[in-house]
Amino acid sequence: KMYRAHMLACRFPAKIQCIVRRDAHLLCLKSPIFISPVSLLARCMSSHETPAHWKSTKQICLENKSHMNFLPVPEGSWQENYNKRQKKWNIMLLASVAALGVTCFVLYKSGSIYLHTYDYRKFQPLRSDALLAASPDKEETSSRINTTASSLLVSEEDTSTSPSCEEEAIVRDIPAHAQYMIIGAGTAAFGAFRAIKARDPKAKILIVGEENSVPYMRPPLSKELWFNEDKSEVENMQFRQWNGKKRSVYYEPKEFFADPKKLNTLVNGGIALVKGRKVVKLDAGNKTVWLSTGEKVTYDKCLIATGGKPRNLPILANASPEVKERTVLYRNIEDFKRLNAIVETAGSVAIIGGGFLGSELACALGKIGQKTGLKVYQIFPEKGNMGHVLPEYLSKWTTRKVGKEGVDVMPEQVVASTAFQDGKVVLTTNEGQSVCVDCVVAAVGLEANVDLARSSNLEIDPVNGGFLVNAELEARRDLWVAGDAACFYDVKLGRRRVEHHDHAVVSGRLAGENMTGAAKPYWHQSMFWSDLGPDVGYEAIGIVDSSLKTVAVFAKATEGDTPKAVVEATGDNLRSEAREIQSLAGDSVKKSPLDTEDYGKGVVFYLNQQKTVVGILLWNTFNKMSIARQVLRDGARNEDLYEVAKLFDLYDTAVGEEEPPAAEKVSK
Amino acid sequence: MSYCKKEGKDEVIFATREDLDVPSTAIINFVEDEADQQPGLILPNGNINWECPCLGGMASGPCGVEFRNAFTCFHHSKADPKGSDCFEAFLCMQDCMGNYPELYPAPKVSMSDELSQMSAGQEGMNLEEVAGDEEKTMPDLFKTEGKS
């Protein structure tokens, strides 16, 4: 055997020589030994004989021989040794498992991997919580997401299989099929269901909303509701319009809505509302949606009107629990109720954000503060209120007005740190100023609710956010999106996403019409408005962005038009007049030539690069929106805008008159 | 005296009343857009505009279909007084509305009262796009409709 092994090991050319020499050596060996073929092969590499001073093969074999003496000799207890080895290996195992765990954790946290799962069992509807006691609802939402994340490892079932077992267990309280399905129960949903019913009288509409409320309008939450002195009316979410008439924020009372269980049996159709549930996944091809509570519903036509959720600032999101308890991310009825309760007992409040919501809230709370002594601060990074909308001179003027409403405005400041001291929240800005307040309100923008897009492979617009839809608001076949969440193609002004009330109504209505076969593109321009106290109110249409070039025409304030003149005429005391003069004198230190002007009423045109009018702002000028719409539609490209402004007849109404700016707007 | 100021990219013109009174030389294409027109309650072709905000939630509520039948019948009625041949439709509607007292709180007017209200006014109607807050109550709607 050895001989054969040796033969195989040797290279072919050298074989003959090997055979001749090895024979003699092998015969000398007394016992059969396994000769390492490698060493012999190495030795035979050259064709010559091995040099004489090398050890002979026999010697090597004897030296390498493995015999019984080489058997391991036990030293010490086997058990001990075993334990030591096991311990070493166990430590290695644990360390590697820990490394794997850390890697998975880091991967998940950094967002490198996304698991398309949702644990239905963890979902809880939003609590209707009006008191300070609990943490804010927004925190609940984020903690809910975290708990679902941590249970991902447990509940990675396919979404289509898990609900089916639950369905058999519980009796369904919503239909399995909906002719028209509306996801979201806000203003766009309202516009849509009205339009659908108008065109398809016997339609069966199922609305699924996350909030525990029937559809309602948002503008009064930052304006009229705060001005209503009647507490019982405010409890019922009722406010007074400019003409004195009482109105509720709810579009329709709850009796208007049909019972979801009976929806498909109603001969004349109906509108059923399911509250407190969220749609978590949608299959556009199979026209199916899955709810957070496990139900699966199929539809014929569907509208996504999920709106948005308020943005949070990192500095507030990472603040201590005491600060977070006293922070309100303002958007809903629940937030209004909470802030209303806080304001009754608080001594001071800080509003972060200088846009529409922030400024309107500041004015409303400032007005309350003038009566109750509530101190109101407003902190924002822009140079003035509505800095992103109004041209700089107008923004600065507005800021002064807001200041006169009793608000301590702090422009060009960003909150750098938060702290909780002596029962108050201390906000310190990057300029070094700090305010101590009982409550913080954040109004820093809106994020479109596009969770559904991620779980359902719908397109999200990277520039504007929101679901990407075409000019007819269609995302996919028989699937439309309207309202704050829709990034649509405006045939006149290009692709954009609008977050205003009128747009929600108009786009909701358009979507409803298209769902019943109208196939109309977005054409009717929506408008928006804002009121900041009794002196300042404006309406606007189109793209109103302060970074655009603007041309404005203002009615020159004659002596009889200034608010000061009005004050004189009404015989108000000199002290108020003196205060006005002082404040104006103080402002004249500013270098800008436009600062000392008084902007009574006028019109501002916003122009794009091609000198086309893309937006119009009507400053304290009312009832002229239809003219603005026409001008916008035309574009007024080569026109002298001074001449165009004449069309608005600015001297039509006098300044200071208690015009009802909000009358038509609120009711629209 | 009007004057103009400029701050960066923003131009501001302050104009006096006299200057603005001079007729405008701007040429703006005022498009008579079908889509933009707010048709009001009655469409140009004579049909009822069910999307009119003046109707409020009437046409879309639980009794929407009954209301539509009654109102359509009334609108096309050529009898004198107008709508007197629509008794069944109105009865149906009132029956339905009785089931939802919170939604339709208008006092239950008797049929004869309603009809007399309708025949009361015969002047030309001028019902433009009215805002939602001026939703008509039931008798109002038929009264103004009667004016057409």
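How many bridges join strand β15 of chain A to β16(A), and in which sense do the two strands run? In this predicted model, β15, which covers residues 424–429 of chain A, is joined to β16(A) by four bridges, and the two strands run antiparallel. Within this pairing, L427(A) is the residue that stands opposite V435(A) of β16(A). The pair belongs to an open sheet of three strands in chain A, ordered β14-β15-β16 and paired in the antiparallel sense. The edges of this sheet are formed by β14 (415–421) and β16 (434–437) of chain A, each of which pairs on one side only. From one strand to the next, the twist of the sheet averages 20 degrees.

A further antiparallel pairing in chain A involves β24(A) and strand β25, residues 536–542, which are connected over six bridges. Here F528(A) is placed opposite A540(A) of β25(A). Strand β24, residues 527–532 of chain A, is mostly covered, with six of its six residues buried. The side chains of β24(A) point in two directions, with M527(A), W529(A) and D531(A) on one side and F528(A), S530(A) and L532(A) on the other, and the residues of both groups are buried.

Helix α8 of chain A, residues 187–199, offers a simple check of helical geometry. At 1.5 Å a residue, its 13 residues should span 18 Å, and the end C-alpha atoms are 19 Å apart, which agrees with that expectation. The helix is also mostly covered, since twelve of its 13 residues are buried, where buried means under 20% relative accessible area. Among these buried residues are F190(A), F193(A) and I196(A), as well as R194(A) and K197(A). The cover over the buried residues of α8(A) comes from both chains: in chain A it includes the strands β1 (177–183), β2 (204–208), β5 (270–274) and β8 (296–304) and the helix α17 (501–515), while chain B contributes α2 (64–76).

Considered as a whole, chain A contains 22 helices and 28 strands. Of its 668 residues, 49% are buried, and the chain exposes about 32400 Å², with carbon and sulfur atoms supplying 55% of that area. When contacts in chain A between residues at least 6 apart in sequence are considered, 67% of them join residues at least 24 apart.

Chain B has five helices and two strands, which follow one another along the sequence in the pattern β-β-α-α-α-α-α. Of its 148 residues, 45% count as buried, and its accessible surface comes to about 7800 Å², of which 52% belongs to carbon and sulfur atoms. Among the contacts in chain B with a separation of 6 or more, residues 24 or more positions apart account for 53%.

The confidence of the prediction was also examined along chain A. The mean pLDDT of this chain is 79, and 75% of its residues reach 70 or more. Over residues 126–169 of chain A, however, the pLDDT is below 50, although this stretch has 62 contacts in the model beyond near neighbours in sequence. A second such stretch covers residues 654–668 of chain A, where pLDDT stays under 50 and the model has 39 contacts beyond four places in sequence.

Notes
Residues are numbered from 1 along each chain as its sequence is written. Chains are lettered from A and ligands numbered from 1 in the order in which they are written. This is a predicted model: local features need pLDDT of at least 70, side-chain atom pairs count only at pLDDT 80 or more; totals for chains, interfaces and linings use all residues. Side-chain values use heavy atoms; hydrogens and water are left out. The expected span of a helix is 1.5 Å times one less than its number of residues. Buried means under 20% relative accessible area, exposed over 50%, partly exposed in between (1.4 Å probe, protein chains only). Contact means heavy atoms within 4.5 Å. Accessible areas come from the Shrake-Rupley method with a 1.4 Å probe; for residues, only the protein chains shown count as cover. Two strands pair if DSSP finds at least two bridges between them. Axes are lines fitted to C-alpha atoms, for helices over the stretch in contact, and angles run from 0 to 180 degrees between N-to-C directions. pLDDT is the predictor's confidence in each residue, from 0 to 100.
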